Each structure stands twice: as structure tokens, then as C-alpha cells.
Amino acid sequence: MHPLYQKADALTGEVIEAAIEVQKHFGIGLLENIYKMSLAQEMRVRGHEALTEVEVPITYKGFTFEEKLRLDCFIDKCLIVECKSLDEDKVNMPRHKAQLLSYMKLMDIPLGLVINFGDYRLGRRGIGRVILK
């Protein structure tokens with residue numbers, strides 16, 4: 001098991017609660033960036049470190065470079081959250097999960113969430129969970 005998995009797993013419930021709080025405050029239909037920044041702030045208010053758009057070293061065949069990834073929230077250095085604001089019928093959860101999984105592999109992070117703030121049933125189906133195997 002990944003050394004950060006238990007910490008990330010324990011954190012997911014609080015991130016989901018925070019996302020529901022943000023959506024209750026704003027409703028649906030706003031830009032993704034508003035939800036992303038508000039979720040990060042909500043997690044900070046709850047006592048967590050929440051970073052956005054983290055620079056990550058990328059290594060390819062011995063060549064290392066930094067690329068500013070556009071991952072939405074990096075919580076407590078163990079959980080990546082990818083925020084979306086799409087009509088529920090436009091969500092392609094497999095594609096968004098694949099994007100999240102790519103970030104998780106690059107950063108060696110065991111767990112991630114895709115949260116679609118555009119789905120008014122956020123707590124039921126607007127959330128996808130991805131585990132790095």
C-alpha cells in the first residue's frame with residue numbers, strides 16, 4: 001500500500017463535505033475557477049494545506065524539467081482534486097479520471113477526486129474517485 005494512502009483516504013470525506021458546502025453557497029453554473037479557489041479556501045478554513053496549480057518536476061529519459069500542471073487542488077500533499085463545472089450530461093467521467101490519474105502518476109499521489117460542481121446531485125454522482133495502483 002502507498003505510504004500516503006491512509007492519510008488521503010481519511011481526507012476524502014472532508015473534501016467532499018467542503019465541496020458540498022461550496023456548492024450550497026454558490027449553486028451551479030459558475031466558472032470552474034470559482035469553485036476551485038473556493039474549495040481550496042474552504043479546506044484552508046478547515047485547517048488543511050490547499051495548493052492550486054502546483055509545479056511538478058517531470059522526468060523523461062534522464063531529462064528533468066518543471067511544468068506548471070493545471071491540477072486544481074492539492075490537499076495536504078496527499079490528495080489531488082480535479083474540479084469541473086459541466087452540465088451533468090456533458091461530463092465524461094472516464095476522460096476526467098484519466099487526466100487525474102496522469103497527475104497522480106507524475107506526482108506519486110495515491111488518491112484523487114474528480115468533483116463536478118455542475119451536477120446538482122454532487123454528493124450522489126458528481127464525484128469520481130481514482131486510486132493509483
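This briefing looks at one helix, a strand pair and a group of aromatic rings. The model is predicted, so local features need pLDDT of at least 70 and side-chain atom pairs count only at pLDDT 80 or more, while totals for chains, interfaces and linings use all residues. Residues are numbered from 1 along each chain as its sequence is written, and side-chain values use heavy atoms, with hydrogens and water left out.

**Helix H2**
- Helix H2 covers residues 32-45 (helices are DSSP runs of H or I with at least four residues, strands are runs of E with at least two, numbered from the N terminus).
- Its buried residues (under 20% relative accessible area, 1.4 Å probe, protein chains only) include Tyr35, Leu39 and Met43.
- Among the elements covering those buried residues are helix H1 (5-26) and strand S5 (79-84), where contact means heavy atoms within 4.5 Å.
- Glycine 47 follows H2 and has a positive phi, near 95°.

**Strands S6 and S7**
- S6 and S7 pair in the antiparallel sense over five bridges (pairing takes at least two DSSP bridges).
- Leucine 113 sits opposite arginine 129 in S7.
- In S7, Gly128 and Val130 point to one face and are buried, whereas Ile127, Arg129 and Ile131 point to the other and are not.

**Aromatic rings**
- There are three aromatic pairs in the structure (ring centres of Phe, Tyr or the six-membered ring of Trp within 6.5 Å).
- Tyrosine 35 and phenylalanine 117 are stacked (planes under 30 degrees apart), because their ring centres lie 4.7 Å apart with planes at 5°.
- Tyrosine 35 is in H2 and phenylalanine 117 in the loop between S6 and helix H4 (122-125), so this pair ties together parts 82 residues apart in sequence.
- Phe26 joins Tyr35 and Phe117 in one aromatic cluster.

Key:
Expected span 1.5 Å × (residues − 1). Buried < 20%, exposed > 50% of the residue type's maximum accessible area, 1.4 Å probe, protein only. Phe/Tyr/Trp six-rings, centres within 6.5 Å; stacked < 30°, edge-to-face > 60°.
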